[in-house]
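Student: Could you take me through one part of this model in detail? I'd like to focus on the places where the ligands sit, and then hear about whatever else is worth a look.

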Amino acid sequence: MNILVTGGAGFIGSNYVRLLLEGSGDRVVNLDLLTYAGNLANLAGYEKDPRYRFVRGDICDRELVRGILEDEKIEAVVHFAAESHVDRSVEGPEIFIKTNVLGTEILLEESRAAGVERFVMVSTDEVYGSLGDDGQFVESTPLAPNSPYAASKASADLLCRAFFKTFDFPVMVTRCSNNYGPFQFPEKLIPLMIANALEDKPLPVYGDGLNVRDWLYVGDHCLAVDAVLRNGVPGDIYNIGGCNEMRNLDLVRMLVDKLGKSHDLITFVKDRPGHDRRYAIDAAKIMTELDWKPDVDFQTGLSRTVDWYLENRVWWEEIRSGDYTSYYEKMYGDGGRHTSGGPS
Ligand code: NAD
Ligand code: TYD
């Protein structure tokens, strides 16, 4: 199959491109704008693979998208490209609407015109909003996004529904819980805490630290997306989760222990506005219908992840010494949004 992967230089996308190049005979075109979050080092060594082509460009560039779909005779699209960080969407929502909503619409329209046979939209569990102490999201849970990021993803997710209902376009939507693993940009919880701990910097826990996320190893997520690409039913939605709920504070403590650092590094900071309390995924549908399940248990996945960040210090040190430092200062420095507060 000729597959267009968007956002293939990001965290999950690069893990997915690697899975395709290592484990299938497919041809892969990776369209990625290389924003602050995109990094070709994530796919170092694959440049010369004859089954792989990288195109630097914007999913909002209609002519470019059309050209790739035609020239490469694309049969399937797996759409990861997005602005992906909730905190950045609080600071500036506009780019989230452009990339996540308009970009998805352009991809859908051009893919439909080009006769693409399978389209996987990588959505998120954040479209469902927040849970209380009980219950889990199922695919029919009403969408109630709370952050600009989640609202932009929900819009894109609903556009996919509309393209299926209106045009019978064969699109499948996946809604996944929080991923972790190698190549995750160090602004997200787990890599940020690992990097800060290794540098003996404070570990900024938002609010009371009791927000719950369901963590899934990125390799397992990629296998789930691949199962949906190959065997998913057009028009269907698939929840993907790790069956692994953790409170942020417990997770940070676990990381500190794995790294042999002091718990005194843990610092409670002002909460994220609109911070979703709890996510939990019921992934029964993909497990029964597509025979997928998460294979990597959390302790193993976390140890693997910590080891990767230990062994690949240059990768994250280069990121943290570049543009990211100005973002970090803005958010966590003196007068930043997350500088004070938390439980007394
Ligand atoms: P990421 O930020 O690491 O990667 C996003 C990639 O998209 C980057 O390489 C970036 O350069 C590229 N990109 C951004 N704007 C673009 C544009 N206009 N045109 C082309 N490329 C562009 O994100 P990630 O964590 O790998 O997430 C990938 C997808 O999975 C996203 O759609 C996200 O919403 C979804 N998702 C992520 C998680 C998670 O825990 N990380 C969970 C559920 C769903
Ligand atoms: P994050 O990795 O940003 O993912 P998401 O917001 O998509 O769930 O955050 C995961 C959880 O960790 C979330 O509850 C917010 C919290 N968090 C902190 O407590 N401190 C931090 O510095 C970050 C980045 C996140």
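Tutor: Here is a walk through the two ligand sites, followed by a helix and two single residues.

Keep in mind that this is a predicted model. Let's begin with ligand 1. It has 29 residues around it, and the ones that come nearest are I12, D32, S84, Y149 and K153. Two of those five also turn up in the polar contacts. The side chain of S84 puts an N or O atom 2.7 Å from an oxygen atom of ligand 1, and K153 has a polar side-chain atom 2.6 Å from an oxygen of ligand 1. G10 joins in through its backbone, with an N or O atom 3.0 Å from a ligand 1 oxygen. As for cover, ligand 1 taken alone exposes 840 Å², and the protein buries 97% of that.

Where does the shell around ligand 1 come from? Helices α1 (11-23) and α5 (148-167) and strands β5 (118-124) and β7 (178-180) each give it at least two residues. The largest share, three residues, belongs to β5. Sorted by class, the shell around ligand 1 holds 13 nonpolar, 12 polar and four charged residues.

While we're on α1, have a look at N15, which sits in that helix. Its relative accessibility is 13%, and because buried means under 20%, N15 counts as buried. The N15 side chain also makes a polar contact, at 3.3 Å, with the side chain of R18. On helices in general, there are 3.6 residues a turn, so residues three or four places apart point the same way.

Now for ligand 2. This one is surrounded by 19 residues, with E126, P204, R272, H275 and Y332 the closest. E126 makes a polar contact too: an N or O atom in its side chain is 2.5 Å from an oxygen atom of ligand 2. R213 brings a polar side-chain atom to 2.7 Å from a ligand 2 oxygen, and N178 does likewise at 2.9 Å. On its own, ligand 2 exposes 510 Å², of which the protein buries 97%. Helix α6 (189-198) and strand β8 (203-206) each supply at least two residues of this shell. The class split around ligand 2 is nine nonpolar, five polar and five charged.

Between α6 and β8 there is a loop, and that is where you'll find D200. Is D200 buried, partly exposed or exposed? At 48% relative accessibility, D200 counts as partly exposed, because that value falls between the 20% and 50% cut-offs. If you want to place D200 relative to E187, the two are 13 residues apart in sequence, and their C-alpha atoms are 16 Å apart in space.

Last stop: helix α4, residues 94-113. It has 20 residues, so at 1.5 Å a residue it should span 28 Å, and the 27 Å between its end C-alpha atoms agrees with that. There is still a kink in α4, of about 25 degrees, centred on G103. G103 is also one of the buried residues of α4, among them F96, T99, N100, V101 and T104. Further along the helix, E105, I106, L107, L108, E110 and S111 are buried as well. After α4 comes G115, which has a positive phi, near 75 degrees.

Note on methods
Residues numbered from 1 in each chain as written. Chains lettered and ligands numbered in written order. Predicted model: local features only at pLDDT ≥ 70, side-chain atom pairs only at ≥ 80, totals over all residues. Heavy atoms only, no water. Near = heavy atom within 4 Å. Polar contact = N/O pair within 3.5 Å; in protein donor to acceptor, adjacent residues only side chain to side chain. Areas by Shrake-Rupley, 256 points an atom, 1.4 Å probe, with all protein chains shown as cover. Helix = DSSP H or I, 4+ residues; strand = E, 2+ residues; numbered from the N terminus. Nonpolar A, V, L, I, M, F, W, Y, C, P; charged D, E, K, R; others polar. Expected span 1.5 Å × (residues − 1). Bend = angle between axes of the 7 residues up to and from the residue. Buried < 20%, exposed > 50% of the residue type's maximum accessible area, 1.4 Å probe, protein only.
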